[in-house]
Each structure stands twice: as structure tokens, then as C-alpha cells.
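Biologist: I would like to learn how to read burial and packing in a model such as this one. Where should we begin?

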Amino acid sequence: TRRQMKQAIIRALFKKYESEIEDSHTKMDLMMKRPVIIPEHTDITGEIDKLLGKIEDAESKLSILRREYVNNKAK
């Protein structure tokens, strides 16, 4: 049904954004715990800044999904 399809899409998006957050946290933890200099990744702070941006973006999208499609079931 249409409702089931909508719920499947919302679940998939939740998983996507949660995965992006987890992936970014894992990469940051590795960079901070083992700051081995890799030639193409010499700007560790810059890389961590990018990962924080990915977390911020994914968290924002999760917040919107919750607000628009989970907490407000009337839509």
C-alpha cells in the first residue's frame, strides 16, 4: 500500500543518515587515536572538519524526518 511504501522510504532514510553519522564517528575516532600521516590525508583537522559537517548534515535531516513524518503522523 501507499502507507507501507512511505514507511519503507522513511526507514531507509533513517538508516542512511544513521549510517553516515556512524561512519563519520568511526573515521574521526581512527584519525584521533592513530594519527598516522597518509600522504593524501595530511590535513587531519580539515578531514575531521569535513566529517563533522557530514554528521551535522545527517543529524539535521534526521531531525526534519522526525518532525515532519514521525512526530507529526497527520501528514
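Modeller: With one residue: at 1% relative accessibility, Ser24 counts as buried, because buried means under 20% relative accessible area (exposed is over 50%, partly exposed in between; 1.4 Å probe, protein chains only). This is a predicted model, in which local features need pLDDT of at least 70, side-chain atom pairs count only at pLDDT 80 or more, and totals for chains, interfaces and linings use all residues. Residues are numbered from 1 along each chain as its sequence is written, and side-chain values use heavy atoms, with hydrogens and water left out.

Biologist: Which residues is Ser24 in contact with, leaving aside its neighbours within four places in sequence?

Modeller: Contact means heavy atoms within 4.5 Å. By that test Ser24 touches Leu51, Lys54 and Ile55.

Biologist: Which residues are buried in α1?

Modeller: An α-helix has 3.6 residues a turn, so residues three or four places apart point the same way. Here Ser24 lies in helix α1, and the buried residues of α1 are Ile10, Phe14, Tyr17, Ile21, Ser24, Met28 and Met31. Their cover includes α2 (44-70). Helices are DSSP runs of H or I, at least four residues, numbered from the N terminus.

Biologist: Which residues form the largest nonpolar core?

Modeller: In soluble globular proteins, nonpolar side chains tend to be buried together. A nonpolar core is a set of buried Ala, Val, Leu, Ile, Met, Phe, Trp, Tyr and Cys residues joined through side-chain atoms within 4.5 Å. The largest has seven: Ile10, Phe14, Tyr17, Ile21, Ala58, Leu62 and Leu65. α1 gives the most to this core, with four residues.

Conventions:
Helix = DSSP H or I, 4+ residues; strand = E, 2+ residues; numbered from the N terminus.
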